[in-house]
Amino acid sequence: MKEITVEELKSKIDNNEDFQLIDVREEFEYETSNINGEHIPLAEVVLEQDKISRDKPVIIHCRSGKRSAQAIMLLEREGFDNLYNLEGGILAWRDELDPDMEVY
């Protein structure tokens, strides 16, 4: 599974690179803190796969990296090959880049 660090993600955001960011956490988690990813909960990711790009990099994240890895495995079975897991999830984002971010 391909992974990307929070520093690499921040660089892509800062450089306005063309990619899609998907947040697979639950609604209450997304409302507590998010990094402007498109919200598609893990339970809906296969059903909502038409919202996920197949022709540019897609970075998927959750709280710690476990659910996003699960989402990637499910989507790869559907033929996706452009997916990246955010290493450490939003907890790593807080720890490395935004210590004031509220997480649960």
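**Exercise 1.** State which pattern of helices and strands the protein chain follows along the sequence, and how many of each there are.

*Solution.* Read from start to end, the protein chain of this predicted model runs β-α-β-α-β-β-α-β-α. Counting the elements gives four helices and five strands. The next step is overall size. The radius of gyration is 13 Å, close to the 13 Å from the globule rule for 104 residues, so the chain is as compact as a globular protein of that length. Its C-alpha atoms fill a box of roughly 35 × 30 × 20 Å along the principal axes.

**Exercise 2.** Find what share of the residues is buried, and what share of the accessible surface belongs to carbon and sulfur atoms.

*Solution.* Begin with the residues: a residue is buried when its relative accessible area is under 20%. By that cut-off, 43% of the 104 residues are buried. Then take the surface, which comes to about 5,700 Å². Carbon and sulfur atoms hold 43% of that area.

**Exercise 3.** Determine which residues of helix α4 are buried, and which elements they pack against.

*Solution.* Helix α4 spans residues 89-96. Within α4, the buried residues are G89, I90, L91, A92 and W93. Next, look at their partners: the buried residues of α4 pack against helix α1 (6-14) and the strands β4 (58-61) and β5 (83-86).

**Exercise 4.** Work out what share of the contacts between residues at least 6 apart in sequence joins residues at least 24 apart, and how far apart the mean positions of the positive and negative charges are.

*Solution.* For the contacts, the share is 68%. For the charges, there are 12 positive and 25 negative ones, and their mean positions lie 3 Å apart.

Conventions:
Residues are numbered from 1 along each chain as its sequence is written. This is a predicted model: local features need pLDDT of at least 70, side-chain atom pairs count only at pLDDT 80 or more; totals for chains, interfaces and linings use all residues. Side-chain values use heavy atoms; hydrogens and water are left out. Helices (H or I, at least four residues) and strands (E, at least two) are DSSP runs, numbered from the N terminus. The radius of gyration is taken over C-alpha atoms; the globule rule is 2.2 Å times the number of residues to the power 0.38. Buried means under 20% relative accessible area, exposed over 50%, partly exposed in between (1.4 Å probe, protein chains only). Contact means heavy atoms within 4.5 Å. Accessible areas come from the Shrake-Rupley method with a 1.4 Å probe; for residues, only the protein chains shown count as cover. Lys and Arg count as positive and Asp and Glu as negative; His and the chain ends are not counted. The place of a charge is taken as NZ of Lys, CZ of Arg, CG of Asp or CD of Glu.
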